[in-house]
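Please open the model in your viewer and keep the sequence panel beside it. The stops below each name something to select and then say what is to be found there.

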Amino acid sequence: MHVDNAVARVLLNRQDGGTYATAIKEVFKKTTTDHPDFKMGSGLEEIVVDFSDAESSGFRDAIGEGLAAKLLRGCNVCMK
């Protein structure tokens with residue numbers, strides 16, 4: 001069975017790669033604590049995004065290039 005869950009809402013006072021990376025890591029850590037099978041996102045199949053460069057960079061820093069390459073899908077303009 002496939003289930004989608006919203007797990008967090010994050011309000012940031014800066015919009016740079018480091019800030020996004022910290023936020024994403026904390027959300028993934030909390031999700032893994034609450035749902036151990038989540039395993040820091042390693043079991044995800046795909047994430048569709050419309051990220052800024054800073055968000056994309058932060059996400060890649062947070063989950064690593066290998067997993068990011070497997071997961072991230074988005075528009076060609078935003079995901080160059």
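## Start at threonine 19

Select threonine 19 and, leaving out residues up to four places away in sequence, you will find that it touches Leu12 and Arg14. The model is a predicted one, and threonine 19 sits in helix α1 of it. Is threonine 19 buried or exposed? Its relative accessible area is 10%, and because buried means under 20%, threonine 19 counts as buried.

## Aspartate 16, before the helix

Now add aspartate 16, which lies in the segment before α1 and whose side chain reaches the backbone nitrogen of threonine 19 at 2.7 Å. Aspartate 16 is partly exposed, with a relative accessible area of 30%. If you also show serine 57, you can look at a pair that is 41 residues apart along the chain, while the C-alpha atoms of aspartate 16 and serine 57 are separated by 8.4 Å.

## Valine 10, in the same segment

Select valine 10 next, which is likewise in the segment before α1, the helix that spans 17-34. Valine 10 is partly exposed at a relative accessible area of 42%. Which residues does valine 10 contact, once its neighbours within four places in sequence are left aside? They are Ala23 and Val27. For alanine 23, the C-alpha to C-alpha distance from valine 10 is 7.1 Å, with their positions 13 residues apart in sequence. Residues three or four places apart in an α-helix point the same way, because the helix has 3.6 residues a turn.

## Threonine 32, further along α1

Move along helix α1 to threonine 32, whose side chain reaches the backbone oxygen of phenylalanine 28 at 2.9 Å. Not counting residues up to four places away in sequence, threonine 32 touches Phe38, Lys39 and Met40.

## Where α1 meets α2

Display α1 and α2 together, and look along their axes, which come within 7 Å and cross at roughly 45°. That angle makes α1 oblique to α2. The residues in contact are, from α1, Gly17, Tyr20, Ala21, Ile24, Lys25 and Phe28, and, from α2, Ala54, Glu55, Ser57, Gly58, Phe59, Asp61, Ala62 and Ile63. The crossing of α1 past α2 is right-handed. For a single residue of this contact, select isoleucine 24, which touches Gly58, Phe59 and Ala62 when residues up to four places away in sequence are not counted.

Staying on α2, colour its buried residues, which are Ala54, Ser56, Gly58, Phe59, Ala62 and Ile63. α2 is followed by glycine 64, whose phi is positive, near 90°.

## The nonpolar core

Select Ile24, Phe28, Ile47, Phe59, Ile63, Leu71 and Leu72, which are the residues with the most contacts inside the largest nonpolar core, a set of 13 residues. The elements that give two or more residues to this core are α1, α2 (53-63) and α3 (65-71).

## Zoom out

Finally, clear the selections and show the whole protein as a cartoon. How many helices and strands does the secondary structure comprise? There are three helices and two strands, and from the N terminus on they run α-β-α-α-β. Of the 80 residues of the protein, 34% count as buried. Among the contacts with a separation of 6 or more, 58% are between residues 24 or more positions apart.

Note on methods: Residues numbered from 1 in each chain as written. Predicted model: local features only at pLDDT ≥ 70, side-chain atom pairs only at ≥ 80, totals over all residues. Heavy atoms only, no water. Helix = DSSP H or I, 4+ residues; strand = E, 2+ residues; numbered from the N terminus. Buried < 20%, exposed > 50% of the residue type's maximum accessible area, 1.4 Å probe, protein only. Contact = heavy atoms within 4.5 Å. Core = buried A, V, L, I, M, F, W, Y, C linked by side-chain atoms within 4.5 Å. Polar contact = N/O pair within 3.5 Å; in protein donor to acceptor, adjacent residues only side chain to side chain. Axes fitted to C-alpha atoms, helices over the stretch in contact; angles between N-to-C directions. Parallel < 35°, antiparallel > 145°, perpendicular 65-115°, else oblique. Left-handed = near helix turned anticlockwise from the far one by under 90°.
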